[in-house]
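Here is a small set of exercises for you to try with the viewer open. Work through each task on your own, then compare your steps with the solution below it.

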Amino acid sequence: MNSQLIIETEVEGAEPFADLLRRVIPAALEAEGVAFPWEVDVLFTDDGGIRAINREQRGVDAPTDVLSFPMFTLTPGTPPTLDEVEADPGTGLVPLGDMVISLERARAQGEEYGHGAQREAAYLAVHSVLHLLGYDHLDEGPQKRQMRAREEAILSSLGITRA
């Protein structure tokens, strides 16, 4: 299947993280049953960059670790179909959405949680993929538990653990 992952960066030292996401994002989409050619755009930035985007897009004047901008409203846990999404006529790819990751925050959280920046970046990417596919965690109930379970299952299948 001909899919496309577009990774841009505003910060130095992002290539090892880009290499990781080139493995993690397709695996997460496959694990969630995405069976059509897709496109996902990723921007690596720092806390200042993500704060500006968060302020502009969500009205929240604070940095965060990851932002997700899905193109479609999908049902979490149900593989999306071509009836629910629309392919770009020029490319034939379905643009699932965009994610923005603060590598500054990923490094800090990886150190804080004791599992390193690479595992944290992988977690943030999987977390964002799930948002692009309709998952949410605004409540503390079943939706959050469902999302966390999928995150851990996908990361575990890739051999990316907390250790």
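The exercises below deal with salt bridges, a charged surface patch, a polar contact and two proline pairs in this predicted model.

**Exercise 1. Find the salt-bridge partner of glutamate 15 and classify how accessible the two residues are.**

Step 1: Look for the closest N and O atoms. They are 3.0 Å apart, and they join glutamate 15 to arginine 22 in a salt bridge.

Step 2: Check the accessibility of the acid. Glutamate 15 has a relative accessibility of 45%, so it counts as partly exposed.

Step 3: Do the same for the base. Arginine 22 is partly exposed because its relative accessibility is 43%.

**Exercise 2. Work out which parts of the chain the salt bridge between arginine 105 and aspartate 47 links, and decide whether each residue is buried or partly exposed.**

Step 1: Start with the distance. In the salt bridge of arginine 105 with aspartate 47, the closest N and O atoms are 3.3 Å apart.

Step 2: Place the partners. Arginine 105 belongs to helix α3, while aspartate 47 belongs to helix α2, which spans residues 47–58. With their positions 58 residues apart, the pair links distant parts of the chain.

Step 3: Apply the 20% cut-off, under which a residue is buried. Aspartate 47 has a relative accessible area of 15% and is therefore buried. Arginine 105 has 22%, so it is partly exposed.

**Exercise 3. Describe the salt bridge of arginine 55, then say which residues are joined into one network.**

Step 1: Identify the partner. Arginine 55 forms a salt bridge with aspartate 61, and their closest N and O atoms are 2.8 Å apart.

Step 2: Compare the accessibility with the classes. Arginine 55 has a relative accessible area of 42% and is partly exposed. Aspartate 61, at 44% relative accessibility, is also classed as partly exposed.

Step 3: Look for shared partners. Glu15, Asp19 and Arg22 form one network through salt bridges that share partners.

Step 4: Put this in context. The structure has eight salt bridges.

**Exercise 4. Which residues make up the patch of negative charge on the surface, and where does glutamate 104 lie?**

Step 1: List the members. The patch gathers Glu8, Glu10, Asp46 and Glu104.

Step 2: Locate glutamate 104. Its place is in helix α3, residues 103–113.

Step 3: Check its accessibility against the patch criterion of over 30%. Glutamate 104 reaches 41% and counts as partly exposed.

**Exercise 5. Is arginine 119 buried or exposed, and which side chain does it contact?**

Step 1: Find arginine 119 in helix α4, which covers residues 116–132.

Step 2: Read its relative accessible area. The value is 5%, so arginine 119 is buried.

Step 3: Search for a side-chain partner. Arginine 119 and glutamate 152 are joined by a polar contact of 3.3 Å between their side chains.

**Exercise 6. For proline 76 and proline 95, compare separation in sequence with distance in space.**

Step 1: Place proline 76 in the loop between β3 (66–70) and β4 (94–102). Proline 76 is partly exposed, at 27%.

Step 2: Take its pair. Proline 76 is 70 residues from glutamine 146 in sequence, and their C-alpha atoms are 8.7 Å apart.

Step 3: Turn to proline 95, in strand β4. With a relative accessible area of 22%, proline 95 is partly exposed.

Step 4: Finish with its pair. Proline 95 and proline 70 are 25 residues apart in sequence, with a C-alpha to C-alpha distance of 8.8 Å.

Note on methods. Residues numbered from 1 in each chain as written. Predicted model: local features only at pLDDT ≥ 70, side-chain atom pairs only at ≥ 80, totals over all residues. Heavy atoms only, no water. Patch = residues over 30% accessible without salt bridge, like charges linked within 9 Å, V, L, I, M, F, W, Y side chains within 5 Å. Areas by Shrake-Rupley, 256 points an atom, 1.4 Å probe, with all protein chains shown as cover. Salt bridge = Lys/Arg side-chain N within 4 Å of Asp/Glu carboxyl O. Lys, Arg positive; Asp, Glu negative; His and termini not counted. Charge placed at Lys NZ, Arg CZ, Asp CG, Glu CD. Helix = DSSP H or I, 4+ residues; strand = E, 2+ residues; numbered from the N terminus. Buried < 20%, exposed > 50% of the residue type's maximum accessible area, 1.4 Å probe, protein only. Polar contact = N/O pair within 3.5 Å; in protein donor to acceptor, adjacent residues only side chain to side chain.
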